[in-house]
Structure formats: structure tokens, C-alpha cells
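Could you have a look at this one with me? I've jotted down a few points to go through while you have the picture open.

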Amino acid sequence: MAAFQRRRDCRGRVLLYFLLGMLGNTGATQIRYSVPEEMEKGSFVGDVAKDLELQSRELAERGVRIVSRGKKQHFALNIRSGSLVTADRIDREELCGQSAQCRLNFNVLVEDKVKLFAVEVEITDINDNVPKFQVEQVEIKIIETAAPGMRFPLPEAFDPDVGMNSLRGYELNPNHHFSLQMQNGADGAKYPELVLERALDREKEPVYHLILKASDGGDPVHSGTAQVRVTVLDANDNAPVFTQSVYRVSVPENVPRGTQLLTVNATDPDEGVNGEVTYSFRRQNEKELQIFQLNARTGEIITSGDLDYEKSNFYELEIQAEDGGAFLARAKVLVTVLDLNDNSPEVTITSLFNPVTENSPPETVIALLNVHDRDSGENGLVTCSVPKNLPFKLEKSIDSYHRLVTDRALDREKVSTYNITITAIDQGTPPLSIDTHIFLQVADTNDNPPIFGQASYSAYIEENNVRGASIYSVTACDPDSEENSRVTYSIEEDVFHEAPLSSYVSINSENGILYALRSFDYEQFRDLQFRVTARDSGNPPLSSNVSLTLFILDQNDNAPEILYPTFPTDGSTGVELAPRSAEPGYLVTKVVAVDGDSGQNAWLSYRLLKVTEPGLFSVGLHTGEIKTARAFMDKDALKQSLVVVVSDKGEPSLSATISVTVAVADSIPEILSDLSGQEASSNLEDSSLTLYLVIAVASVSSLFFAFVIVLLALRIWRWRTSQLLGSGSDPLAGVPPSQFMGIDGVQAFLQTYSHEVSLTTDSRKSHLIFPQPNYADTLLSQHSCEKTKPLLVPEDSSCSIHDPPLAPQAPPNTDWRFSQAQRPGTSGSQNGDEGGTWPNNQFDTEMLQAMILASANEAADGSSTLGGGAGTMGLSARYGPQFTLQHVPDYRQNVYIPGSTATLANAAGKRDGKAPAGGNGNKKKSGKKEKK
């Protein structure tokens, strides 16, 4: 029942103290609460949320918490209710001792605003301690001669409570010889004394047993008792006397144990046992007994423990001197502990915001620090600093708190990690300091675009490259980190030659490797310009671009193309005329060729591959002009066959051949008469050979068509099988199967070869001629084509056709670069020794031949001569007056009427100063005709 009443009274006092605390805190600069001691854990102290003007749910969201200097925390925040509660039982006497007021201070931090609020909680005392005597039994010896009124000190009781709950008075059980009186000390304390009321008689009563009771002023009243045993002694009439009533001594806190502080001294004029004085501590608590030691014989006081100014800076000791006759004397020893600078400053990191973004503005809070030094005075004054070379500074906050803030903008690309050393140094002698390290990470923001290593790039690739081949690699670096530094590559969309740029090249978005999506042709375009974009993965992403020029290098993939002379389109054989009276160096005709390549791949050279009469004709190495090397002789055949090969300078060299037939005669009727005679005599001999040749060609053709049908059937069967197996779509599905073949999944176009077969009625004198193949498809053949033998060789032929094999193609030389004037073109474009205008394209050449044929037909009809003027063949109107037969071979001599033996009159005689021959105009040269 008493316990229940006590708890109810405690709750009433708690409510009263709380209301008083709330009323007293109105308008204060800090938050104050009041709570009684010994409350249960979790007891309500105050409504922090209300005092901070926050809602209860905002405490957790805004990071409200209690911060202290590393001491034991006696209070806690209830995040749900927003109230301050006790963290454990609070013992006021343990925290504050005998202090009149007991206040606990701490701070409440609102972390999102980095704002601190000071909180002070006063711990009020309750009557939870009973007055207690240091000893339970006390013996007092009184000589029997003691006069009434003598006073004898009694033991004092100690009550840790304060105020009304502290010790209030003493009571002594009733007796006839002794009474109790209170004595006021210099410090205001009251000491009980035993007063002798009547004289003692040891013989009547040698011992008296008394009970001393000490009571406090609490409600309910607590009390404690001590047994007092009074022994009556024989007479001893002098008490000990101290030399000083109060002894004072100052001692540094770092003195070692066993150091002598001072010696107290008391004298007794009695002799013998009554004059022997012994010393002892009186009213000494356990802590003081552990620190100080008193020699009972000599009165020396030495240290038996460590003195610490921070724990206690002052001690009050009471020394008692007692003689052998039981007389007592008291004296005080006041010990002052001097502070030394023996404690280094303490730095506590209350809050740390790590990492910090590099785009944080100046004055951004990095950390909240509490700096404390347990020393006092100048020894406790602390100065904090950070290195000057770091972009940080310290700002003073409330109490002993400092804020570490940024002093200027941060750049992670320059410094990504800071080791911030905070130095705290006091002002003691010697000064003590401590270094606190904060490892701060600077978080990256996407503030740097990717950077290419060059302002522009140039790449080179040979034409006829493989599709999907890698061309070049570009790299861009981003100094940011993680996702902000991950670079992806792309090509800006554009249109090139009416096709999207993405159909020409592609780029690997991860590593920047460029790939060719098609096979390039130098003859279509020489370079390809585009822009590559590098974009990082930041938010928002940053990008940069660079120009890349792809130069196409020429390969020797185009054989020379002969523009002049060309074969007539009417089925006849073109013949060049040369007069028998021609001097050495006479220009018979000129071979005009062009090469689609450039550079050395287009440098053309001309040479004679086969001639009827070696040494009779020569061809210009670079001009292609066919001239007589010597004068004609009677033994020379009337019909000279020349095979001219035109080669370029590429690696491997490509070439083309042209057959030129030169008729040696002074006039067209003469050469037609000779040729007709030869043909008439040989028709009969060659008829059987022609029949056999036709049969052979028909057989070979049949075998070839059979092979093509079998091959086509096999290809259709394979295609059908692949369709049944679900091989997927083919990007070359639109191309006819005959135009490509597949090898291990790689498709390549086949070559198309075009050959001309020239046969005459005199098959024994005919040849099957295979010129160089015409590459009509997109891929260049990598194999050379050789012609080792003609299909049909005449019995009397002494020369065989051997085309030199094509050398392997060497990679193009990138060192050549020519101006437009230096670039080689057609052979006719090179300035030679002769003047005049030459036909420079196939159209002009065909027109020239048509005009020559028209003139020849007129001559055959005998209606007119072959030209508009002497030696011009009627061509001056087209090619100018400078275009004469001196520069153009007389094509009239190449024209004859098949099946007719009639000769045609021409203007050759006029040019050479000879009259046309009469009759058929043919000179019979029996026995001098040569078979070719």
C-alpha cells in the first residue's frame, strides 16, 4: 500500500514538474524540461515535436535525432509520438551528487536543415535515499572526572538527497546522563554532539548504550540509526589540539601515486598513554579513501590513487586526532587539484554527407563536428583548421560544434577523392592536438562530353574490298566515370550518291570500329566524307562529333579499253592501207585506248604481240602509232596481220589486244584483185576443212549446253533443299543463280567472259581468237587467264599465239597523286609528233568508219571518187583541213565487196602521184603470194 501511494505521489510530481518546466520554457532560447529521478525507462519527458513545431511523422523524414559529446545518453526520441523519453533509470545523486541543481544538456539535430536545438533537462530529487551513518557502532570513552557540560562529537549521517529530502535532524534515546545538541560548522553544516549532563561514576555504571537516530525531511520520512557505546574511563583531563584548524594544499593532477601532500600535527599535554595521539579520517567517502592515505602515527597524507582534474578538482578531508585517554580533536584538509594540459582535444563527427556531387555549390555542408577538450581554462580552448590547399573550410556553429563546408566548386575529373585532415589544437603549454581524417568521395556528374583524339580523321581503303571488312577505328575519351563515361558511337545520317550513308559504312557502337557495308569502286567515287558522333550515357547525355574522310585507293581492276580501231559493224573486216612506196616511219594507223583506272594503273604502253613480217612495222610505246620500220619489198605479203597488245602499269598488269590488218598496195582495186585471186584458189581447198570445223564447233556446243543444263538442275536441287531446311532469306536472292556461286556460306559473283570467234570461208587460214576476258561483274577475278594454243592452227603457220599470263595484282601505291594535267588518259590524248585532230571516242571512230564505207561504196559503183578532195577522203568537213591521209590510214583500201572480184578505184594514186590502173587494176604476182 505504501509503495502504491509512493508511485502515485511520484506521478503527481512528474506532472507538476513537467507543467512547471513547460511554463518556464515559454519564450526561452532553448528547450527546457524537468523530470524526477528514478523514473521508469521510457517515461515521458517532453513533447519535442511540438516544441520544434513539427509533426510527429516529420521526425523520421527530417532526420531528427539526439547528438551528444560521446557521453552516455540518458534520453531518447520516440519517433512515433514525437516525445522525449528516458533511456534508462536516472539517479540524480550519481550524476550530480550534492549539487543543488542537476541539469543534463544535449542537442537535438534536424539533419535535413543541419540545424541544432539545445535541450536542458533538470533532474529533480525524490526522497529515495535513507540517511546512513558511516559506522553502525561508535564507541565514546569519557573519563569519569569529566565535568557536566562536556561535549563529545557523535558520528554524522549522510543523505545523498538534497533540499527537503536531505538530512534534517538527529534524535537520541532518552537517558539521565547525556543529551544531544547540534553544532553549526563553518560550512553551515550541523554536527551532532553528545553533552554530558551529569557526572559519571565508573564504579556505578562503566558503560552506557545509546541509540542515535538521523531523519530526513522527505515525505514519507526516512531515518537511520547508529549504536553509541559510552565507556567511562579513568581520568584524562587534556584533549589533543591541532596546530591548524584548516590545512590547505595544492597539487598538480599528474602527481604519481605515493606523493606526500602534507603532514597534520596534533599535540596532547598528557603523558603516557593519554598523551599518545593517533590520526584517522573522519566523514570520508569511499572515493576519497581510494585516493588519499593517512598515516595514523605520523599524520602524513599521501596519494594512493590518481588525481584527475576532470573528475574532481577539489577535495575536503576531515582529520581526527585521538589520544590514549579518548579525547578527540578535529581539523580540515583542503586539497586543490591543479589542471594540467593532459587531455588532447576530441573531435566527434556528428553527421557526414559522403559522397558529395561535384556540382555542389560553395557553402555546401560536408560534415557536422563536435570539438571538446576536457581540460579547463586555456588548456580547454581549442582551435580547428583544415589545410589551406583544400577547397574546404570550417564554420563555427552553436556551442562547440563546427560545420565543414565547401569553399569553392569541386571537379571530380581533377580530384576524385579528398583526404581531409581536421586538426584540433588547444592553447595549453605544451599544446596538444589531434588529427581527424575524413575520406570524402566526389560523386561524378555528366559535365564532360566525349573528346576525340584528333580534330579530324583520314582513313584509306582499297577498292573492291570485302563487304563487312573493318576500315578504321575511332576512339573518344570521356573523363567522367561509370555511366557518364561510357561512350557509344554512331554515324550521322546523310545521303551520298542518292543512297543513305548507312548503306555504305557502319560503326560498332561499343568500340568505334568502322565497317564497310559494300565493296567500293574507285571509278565511282574517290572519297567518302561523314561525321562520327560519340555520345556518353549520362543524364542528360553529352556528345561530340568528328569528321572522317575515307579515301578509296585505286586497284588495277580495269583492263585497257581500245577505242580505235574498232571492228566494222556490217560484218566485214577492217583493213588499214599502206602504199608500197611508203618510206620507213610512215604512219599506217594509230591505236587509241583508255584505262578506267588512275595513276600508274592507267599508264598505257603499246607493243606488237604478233606480226606477219617481223621487223616490218613498229608501234609507239606510249603513242600507239603503227609505223613502217623499213621500206616494203616485193617478197612482203600483200596482207599483213598485226596483233597489238595494250598494257597498263598496274600490279598485276592488265592488257587488251587488237588485231590490225594492213594491206600493202598502191590502190584499192589492186589489193582487191590480189585478194580475190587468192580466195578463189583457196576456196576449194578449204571447203572440207570448214565442214570439219563446223562439226567440231557444233559438238563442243552440244556438250557445253548439256553441262549447263546439268549444272542448272543441280543448282535448283540445292536451292530447293535449302528452302526445305529453312535456311532463311538471302540478301542476294534477287540475283540469278547463274551469276554467283556459294563456297562455305560466302557468295561471290561469277565472271562473265566474252569471246569473239572470227571465221572465213578459207577455214584453213582462219583462227579462233580469244581476247582478254571482259569482266562484267562486280568482283575482280583473282586468277590470270592464259591462252596457250589457238583452237585451229594452219599447217603452214610458223607462229603461235601465246598471251603472257597475268601477274598477281599488287596493292596500289598510295604515293601517287597527279594533277588533272598529269593524269594519263587515252593514248590519243598524248601529244605526239604529228598534228591534226584524232577521234577521241568510240562514237567518233564509228562515224569515221561509216564515212569511209560510204566512200568505198561510191567507188565500187564507179560513180564518184572517194573523197571531197585529194588525200582527205572527204573527212575534212568533220575533222578539219589538217586531218589528212598522212595522219589517218587510208581506210578505202580496207573496203571490198564480198563475192566480187571487181577492184575499186581510190584516191591513193592521186595522193602518191600515180594514175589509177586500167582494167581490173590488179597486178599479177604469180608465185609470190604467201599463205597466212
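**Notes on the model**

1. Let's start with a residue in a helix: L714 sits in helix α6, which covers residues 668-724. Keep in mind as you look that this is a predicted model. Is L714 buried or exposed, or somewhere in between? Its relative accessibility is 36%, so L714 counts as partly exposed. The cut-offs help here, because buried means under 20% and exposed means over 50%.

2. L714 also has company on the surface. Together with F704, F705, F707, V708, L711 and W717, L714 makes up a nonpolar patch. The accessible area of these residues together is about 750 Å². Try colouring them to see the patch.

3. Now go to the open sheet of three strands. Its order is β2-β5-β4, and the pairing is antiparallel. Why do β2 (44-47) and β4 (75-78) each have one side without a neighbour in the sheet? They stand at the edges and have a single partner strand each, so one side of each is left free of a neighbour there. On average, neighbouring strands in this sheet are turned by 30 degrees against each other, if you ignore direction.

4. Zoom in on one pair from that sheet. Strand β5 (residues 83-86) and β4 are joined in the antiparallel sense over four bridges. If you want a spot to check, find A76, which stands opposite V85 in β5.

5. While you're at β5, pick out S83, which belongs to this strand. S83 has 7% relative accessibility, so this serine counts as buried, given that the limit for buried is under 20%. What does the side chain of S83 make a polar contact with? The partner is the side chain of S81, at 2.8 Å.

6. Next up is strand β6, residues 103-110. How many of its eight residues are buried? Six of them are, so the strand is mostly covered.

7. β6 has pairing partners to trace too. With strand β3 (residues 64-67), β6 pairs in the antiparallel sense over four bridges, and V64 has V110 in β6 as its bridge partner. With strand β7 (residues 115-124), the pairing of β6 is again antiparallel, over eight bridges. Here you can look for N105, which stands opposite E120 in β7.

8. Last stop: the turn of the hairpin formed by β6 and β7. Four residues lie between the two strands. Have a look at V114 in this hairpin, since its backbone is worth a check: V114 takes a positive phi near 50 degrees.

Methods: Residues are numbered from 1 along each chain as its sequence is written. This is a predicted model: local features need pLDDT of at least 70, side-chain atom pairs count only at pLDDT 80 or more; totals for chains, interfaces and linings use all residues. Side-chain values use heavy atoms; hydrogens and water are left out. Two strands pair if DSSP finds at least two bridges between them. Axes are lines fitted to C-alpha atoms, for helices over the stretch in contact, and angles run from 0 to 180 degrees between N-to-C directions. Patches are made of residues with over 30% relative accessible area and no salt bridge: like charges are joined within 9 Å, nonpolar side chains (Val, Leu, Ile, Met, Phe, Trp, Tyr) within 5 Å. Accessible areas come from the Shrake-Rupley method with a 1.4 Å probe; for residues, only the protein chains shown count as cover. A salt bridge is a side-chain nitrogen of Lys or Arg within 4 Å of a carboxyl oxygen of Asp or Glu. Buried means under 20% relative accessible area, exposed over 50%, partly exposed in between (1.4 Å probe, protein chains only). A polar contact is a pair of N or O atoms within 3.5 Å; within protein, one must be able to donate a hydrogen and the other to accept it, and residues adjacent in sequence count only if both atoms are side-chain atoms.
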